[in-house]
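Subject: Structure handover

Hi there,

Here is the structure I promised to pass on to you. Have a look at it first, and then read on for what turned up.

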Amino acid sequence: MSTSSATRTPDKKKKPLPYFMQKSEDAALPSFQNRRTLADHVKDNMLCAGRKRYFQRIVYVGRHPKVTGMTLRDRFLKLIKDMQECTTNEIKLFGLMINFDGYTVHMIESAEETIGEYMHTLAASDLFEESRVVLVYNNINQRFFRKLVWRASDYLNELPRTELDQRDPNLTQNTIDAFLVKVYKLCKMVREEELDERKSHERMSPSLFARFPFAGSAFKSLYLDENYEEHTPDIAILEYLLGLRCLFTVPEYASFYGKLPDVASFRDRVWPIPKDLTPYDVFETGKYDVNLTFGGK
């Protein structure tokens, strides 16, 4: 016997796949009849990352008064803690923050609202002597880190300085490209180190981990060793980037982020809430209003 259509359970609606993940050739390539806009690619990236928020990645460098990297770390930690205590954003700040003696190279990732609030807080502080925003990457579909990772180093002054040819017409672009390649390499190396440390903790027995909670990652999780020297930008590159007028400073870039004002409508001021679009002042008459009812004054 054939079952009736009324007893069949409807199929659950499946989530759509990005066009480059679909199997059919017609759907894999955008056609003239099915044009794709920038908004479609933004949705694809969010769908691949499993997010509903617009994520950004920002890389900036800074020069500070001559203090150690650990002192800079404590100052940034206090600033971020104060920001998170008074914020309403649920998404926290992620990324890699490397602090040298007198310099910082930070790569941050988070939702656009969180990035904007952090940049405003950073611009209002007095942590920087000079700063430059080197990279702004909108709508990233994959993060390097799922938490805020800190590293410090004291070997920056020992690195050989790069000789920059000021007569090279492509010096600015080549220097920025080389700097970003090194920053991305540092991010990948630190991420692998974080994953290795997490796996080593998972393999430890609970009793051993209770006795030695920092076993295997005492100073490795805070300081960069000699394996990172090759991929660390030296002082010459940092000073060259800090002197580029074509790059925005942190306060200049923070001014691009704004907040929508809270506008109170008549529905917020009238109770009970009206069920139609009748104006709340329809029965109020002024001195020069015309009486159209022809009844009384």
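Let me begin with helix H3 of this predicted model, on the side where Lys-78, Lys-81 and Glu-85 are exposed. Across from these residues the picture changes: Gly-69, Leu-72, Arg-73, Phe-76, Leu-79, Ile-80 and Met-83 are buried. They share one side of H3 because the arc they cover around the axis is only 130°. The general background will be familiar: residues three or four places apart point the same way, since an α-helix has 3.6 residues a turn. H3 covers residues 69-85, 17 in number, and its first and last C-alpha atoms are 24 Å apart, close to the expected 24 Å. As for what lies over its buried residues, the cover includes strands E1 (55-63), E2 (94-99), E3 (103-111) and E5 (148-152), along with helix H4 (112-124).

H4 is worth a look next. With 13 residues, H4 reaches 18 Å from its first C-alpha to its last, close to the 18 Å expected. Its buried residues are Thr-114, Ile-115, Gly-116, Glu-117, Tyr-118, Met-119 and Leu-122. You will see a glutamate in that list: Glu-117 is among the buried residues of H4. The buried residues of H4 pack against H3, the strands E1, E2, E3 and E4, and helix H8 (250-254).

To put these pieces in context, the protein has eight helices and five strands. Along the sequence they follow the pattern α-α-β-α-β-β-α-β-β-α-α-α-α. Of the 297 residues, 36% are buried. If you look at contacts with a separation of 6 or more, 81% of them join residues 24 or more positions apart.

Now for the interior. In soluble globular proteins, nonpolar side chains tend to be buried together. Here the largest nonpolar core has 35 residues, and Val-61, Leu-96, Val-134, Phe-145, Phe-179 and Leu-241 are those with the most contacts inside it. Which elements supply at least two residues each? They are E1, E2, E3, E4, H7 and helix H5 (171-203). The largest share, nine residues, comes from H5. There is also a second, separate core of 21 residues, and Ile-80, Ile-108, Leu-127 and Phe-128 are included in it.

Leu-241 makes a good starting point for browsing the largest core. Leaving aside neighbours within four places in sequence, Leu-241 is in contact with Val-61, Arg-132, Val-134, Thr-175, Ile-176, Phe-179 and Leu-247. Leu-241 is also one of the buried residues of H7, together with Ile-235, Ala-236, Ile-237, Leu-238, Tyr-240 and Leu-242. That makes H7 (residues 235-242) mostly covered, with seven of its eight residues buried. At the N-terminal end of H7, Asp-234 acts as a cap, with a side-chain oxygen 3.0 Å from the backbone nitrogen of Ala-236.

You may enjoy the aromatic residues too. The count of aromatic pairs comes to seven. One of them joins Phe-248 and Phe-256: the ring centres are 5.1 Å apart and the planes stand at 90°, so this pair is edge-to-face. Phe-248 is partly exposed at 41% relative accessibility, and Phe-256 is exposed with a relative accessible area of 51%. Tyr-253 and Tyr-257 form another edge-to-face pair, with centres 5.5 Å apart and planes at 80°. How do these tyrosines stand, buried or exposed? Tyr-253 is buried, with a relative accessible area of 8%, and Tyr-257 counts as buried at 12%. Ring pairs link Phe-248, Tyr-253, Phe-256 and Tyr-257 into a cluster.

One last residue to look up is Asn-139, in the loop between strand E4 (130-138) and E5. Asn-139 has a positive phi of about 55°, although it is not a glycine. Asn-139 counts as buried because its relative accessibility is 8%, where buried means under 20%. Not counting residues up to four places away in sequence, Asn-139 touches His-41, Val-42, Asn-45, Met-46, Tyr-54 and Phe-55.

Happy browsing, and best wishes!

Definitions and conventions:
Residues are numbered from 1 along each chain as its sequence is written. This is a predicted model: local features need pLDDT of at least 70, side-chain atom pairs count only at pLDDT 80 or more; totals for chains, interfaces and linings use all residues. Side-chain values use heavy atoms; hydrogens and water are left out. Buried means under 20% relative accessible area, exposed over 50%, partly exposed in between (1.4 Å probe, protein chains only). Helices (H or I, at least four residues) and strands (E, at least two) are DSSP runs, numbered from the N terminus. A polar contact is a pair of N or O atoms within 3.5 Å; within protein, one must be able to donate a hydrogen and the other to accept it, and residues adjacent in sequence count only if both atoms are side-chain atoms. The expected span of a helix is 1.5 Å times one less than its number of residues. The arc is that of the directions from the helix axis to the C-beta atoms. Contact means heavy atoms within 4.5 Å. A nonpolar core is a set of buried Ala, Val, Leu, Ile, Met, Phe, Trp, Tyr and Cys residues joined through side-chain atoms within 4.5 Å. Rings of Phe, Tyr and Trp (its six-membered ring) pair if their centres lie within 6.5 Å; planes under 30 degrees apart count as stacked, over 60 as edge-to-face and the rest as tilted.
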